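User: Please take a close look at the place where the ligand is held. Keep it simple, as I am in my first year.

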Amino acid sequence: MEIVENLIKISENIPENVSLIAVSKTKSKNLIELAYNHGQRDFGENKVQELVEKYNSLQKDINWHMIGHLQRNKVKQIAPFVYLIHSVDSYRLLIEINKQGFKNGRIINVLVQIDISKDNTKFGFTYAEFDELIKLNKLKDLKNINLKGMMGMASFSSDLSIIEREFNQLNDFYNKHKTNLNLNILSMGMSGDYKIAIKCNSNMIRLGSTIFGTRIK
Ligand SMILES: *Cc1c(COP(=O)(O)O)cnc(C)c1O
């Protein structure tokens, strides 16, 4: 029942315009159902196989968010049902999602992941790479994707000012492109930094451990 208490506490403390994605990676179907029965409908996973298994065995009105690195050869497995892909980090991946969207008769919602951190482990477009993509108008023929916004992960740091700076930079970049590209989602913030992210204008937070407890894997 702790899960429900956590959800209530979080939703009481975030602004109404901020969507909460419950990151359920490594967590069992039973735990997801506790959150579902409380009314949570948006769940995030970072592995294709786990996402597909959970999609198949859980309620069909769940919105499944793909938040982890996505390999092109696995797009076809999630294309029939995925609600939003947060982690699009290359033009080649965009092309593949567009192709699989077409095959499935769907327009697939995506965010581009921007590499905002100083950790070299994170994926994503650099600011310059994304600017170039837009300058060259490379999205215009991709009729089966809908670019809804941007996602970023801050550096793992105990220095909150570093995190805040990275989130603010992404917010500035989002604002620069927002009107032209008709964007409305800025996905920033995990359990450790979502309060900072919301201060920096995030309207979609991805929380795992704050809801479901720490992960052992
Ligand atoms: C695991 C994960 C989260 C959630 O992490 P917590 O620290 O447990 O809240 C958010 N975003 C992405 C991309 C993740 O992989």
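Analyst: Start with a polar contact, meaning a pair of N or O atoms within 3.5 Å. A nitrogen atom of the ligand lies 2.9 Å from an N or O atom in the side chain of Arg 206. The protein covers 91% of the 390 Å² of accessible area that the ligand has on its own (areas by the Shrake-Rupley method with a 1.4 Å probe).

This is a predicted model, where local features need pLDDT of at least 70 and side-chain atom pairs pLDDT 80 or more, while totals for chains, interfaces and linings use all residues. Residues are numbered from 1 along each chain as its sequence is written, and side-chain values use heavy atoms, without hydrogens and water.

Two other side chains also reach ligand oxygen. For Lys 25, an N or O atom of the side chain is 2.7 Å from an oxygen atom of the ligand. For Arg 215, the distance from such a side-chain atom to a ligand oxygen is 2.8 Å.

Now the whole shell. Residues near the ligand have a heavy atom within 4 Å of it. Among them are Val 23, Ile 67, Met 153, Met 190, Ser 191, Leu 207, Gly 208 and Ser 209. By class, the shell has five nonpolar, three polar and three charged residues. Here Val, Leu, Ile and Met count as nonpolar, Lys and Arg as charged, and Gly as polar.

How values were computed. Polar contact = N/O pair within 3.5 Å; in protein donor to acceptor, adjacent residues only side chain to side chain.
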